[in-house]
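Here are some exercises to work through with the model open beside you. Try each one yourself before reading the solution.

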Amino acid sequence: MNRATILLVQASLLGACGGGAPAAAHPEPGAECVAVDTSVPLAVSRIEGDGVVVHTLIAPDSSAAVTSHVVETEGHLVVFDTQLFRGYARQLREYVDGLGKPIDRVVITHGHPDHYLGLEFFEDAPSWAFEETRVDIQQRQRFHIRMHRETERECDAVAERAVIPTNVLEEGDYELDGITLRFSRARDAEDNDQLIVHVPAARTLILQDLVANEVHPYSATGMIPHWIEVLRAAQETYPDIEHVLAGHGPPGGPEVIPEMIGYLEGAARIHEADLEPEAFRDAFLSGWPDRRGTYVVEMMVTMLRSRR
């Protein structure tokens with residue numbers, strides 16, 4: 001599958017491309033907005049390191065168990081990803097404000113709407129992303145907003161416009177209050193361009209959507225072989241980590257990476273088998289019966305049907 005086909009597939013199902021300036025999006029005439037319940041609080045976990053605390057906030061399964069992370073140093077906060085629904089983005093901001101320290105920066109790890117649309121709640125803080133991610137958001141935003149506000153009829157539960165990160169992030173070490181944040185990138189894996197964050201003082205690796213823990217990832221990217229290579233390289237590069245933070249699902253240990261590699265190897269065989277939609281669904285659900293997030297499998301089933 002070539003790159004153009006990959007982007008087209010993502011656009012049709014996950015809203016991963018599109019272009020143009022954002023337009024105000026409204027549900028189709030006569031269509032009612034669905035009720036998006038964001039009253040369930042974000043789950044919170046903490047990893048305490050030497051002079052640093054890493055907070056992970058996880059939305060419920062109804063919001064794809066999407067995660068945001070806050071790295072707290074002695075005097076500052078760095079926020080990674082900002083949720084999809086306004087209710088959860090607001091909860092994230094309230095949690096961050098409750099820590100009582102200034103936001104040094106908000107960093108968007110990649111150009112998927114469940115990670116960047118909540119940035120409207122952080123417009124007063126400096127925002128950063130790789131230049132490629134900034135371009136992805138600019139090109140995809142209109143489709144993403146239409147998909148959620150109109151097609152999914154989530155209306156005002158999501159932002160009317162995308163906030164583009166204003167600053168260009170570079171790879172390398174960033175020092176803040178004596179704590180090192182090590183930024184590197186992965187290309188052509190789960191998305192075109194993705195940030196990896198190593199926090200040595202907390203023995204923590206933030207991989208975001210390169211791994212999903214306890215839930216199904218979206219694997220129909222057409223880039224699984226290289227995705228696996230990226231994860232194997234991460235294992236070799238960071239052999240001493242104790243904590244792996246996923247873009248969907250709870251924090252885990254280093255075992256999350258080989259588990260994800262095994263999942264992707266199995267997923268690749270399923271994608272290559274040219275199964276009928278029902279058999280395709282059954283292969284995923286029976287292959288990983290303990291993983292939640294079966295809606296992701298249903299998305300891939302819909303894609304498969306559209307191609308037949």
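**Exercise 1.** Find His 112 in this predicted model and decide: is His 112 buried or exposed? Then list what His 112 touches beyond its sequence neighbours.

*Solution.* Start with the location: His 112 sits in the loop between β5 (103-107) and α3 (113-116). Next, check the accessibility. The relative accessible area of His 112 is 8%, and the cut-off for buried is under 20%, so His 112 counts as buried. Last, look around the side chain. Setting aside residues up to four places away in sequence, His 112 touches Arg 140, His 144, Glu 190, Asp 191 and Asp 209.

**Exercise 2.** Do the same for Thr 73: which loop holds Thr 73, and which residues does Thr 73 touch?

*Solution.* Thr 73 belongs to the loop between β3 (67-72) and β4 (77-80). With a relative accessibility of 2%, Thr 73 is buried. Not counting residues up to four places away in sequence, the partners of Thr 73 are Gly 51, Lys 101, Leu 176, Asp 177 and Ile 179.

**Exercise 3.** Hunt for disulfides. How many does a search of the whole structure find, and which parts of the chain does the pair link?

*Solution.* Step one is the count: the search turns up 1 disulfide. Step two is the pair itself, Cys 33 and Cys 155, with sulfur atoms 2.0 Å apart. Step three is the handedness: the angle about the S-S bond is -95°, making the link of Cys 33 and Cys 155 left-handed. Now trace the chain. Cys 33 is in the loop between α1 (3-14) and β1 (43-48), while Cys 155 is in the loop between α4 (131-151) and β7 (167-168), so the pair links distant parts of the chain, 122 residues apart. Finish with the surroundings: Cys 33 is partly exposed at 45% relative accessible area, whereas Cys 155 is buried at 6%.

**Exercise 4.** Take apart the largest nonpolar core. Which elements each supply at least two residues, and which gives the most?

*Solution.* The largest nonpolar core has 37 residues, and Leu 207, Leu 210, Leu 231 and Phe 284 have the most contacts inside it. Working along the chain, the elements that each supply at least two residues are β11 (204-212), α5 (224-237), β12 (243-248), α6 (256-272), α7 (277-287) and α8 (294-306). Of these, α6 gives the most, with 9 residues. Zoom in on Phe 284: beyond its neighbours within four places in sequence, Phe 284 is in contact with His 216, Ser 219, Tyr 263, Ala 267, Ile 270, His 271, Val 297 and Met 300. Don't stop there, though: another core lies apart from this one, with 29 residues, among them Leu 42, Leu 77, Val 79 and Ile 103.

**Exercise 5.** Check the geometry of α8. Which of its residues are buried, and why do they end up on the same side?

*Solution.* Length comes first: α8 has 13 residues and reaches 19 Å from its first C-alpha to its last, close to the 18 Å expected at 1.5 Å a residue. The buried residues in α8 are Val 296, Val 297, Met 300, Val 301, Met 303 and Leu 304. Because these cover an arc of only 160° around the axis, they fall on the same side of α8.

**Exercise 6.** Map the open sheet of 7 strands. What is the strand order, and which are the edge strands?

*Solution.* The order is β1-β2-β3-β4-β5-β6-β7, with mixed pairing. β1 and β7 are the edge strands, as each pairs on one side only. At the β7 edge, 2 bridges join β6 (residues 127-129) to β7, and the two run parallel. Look for Ala 129 standing opposite Val 168 in β7.

**Exercise 7.** Inspect the backbone at Ala 64 and Asp 188. What is phi at Ala 64 and at Asp 188?

*Solution.* Keep the background in mind: most residues other than glycine have a negative phi. Ala 64 has a positive phi, near 65°, and lies in the loop between β2 (53-58) and β3. Asp 188 also has a positive phi, near 55°. Asp 188 is in the loop between β9 (179-187) and β10 (193-199) and is partly exposed, at 27% relative accessible area.

Terms used:
Residues numbered from 1 in each chain as written. Predicted model: local features only at pLDDT ≥ 70, side-chain atom pairs only at ≥ 80, totals over all residues. Heavy atoms only, no water. Core = buried A, V, L, I, M, F, W, Y, C linked by side-chain atoms within 4.5 Å. Buried < 20%, exposed > 50% of the residue type's maximum accessible area, 1.4 Å probe, protein only. Helix = DSSP H or I, 4+ residues; strand = E, 2+ residues; numbered from the N terminus. Contact = heavy atoms within 4.5 Å. Expected span 1.5 Å × (residues − 1). Arc of directions from axis to C-beta. Disulfide = S-S within 2.5 Å. Pairing = 2+ DSSP bridges.
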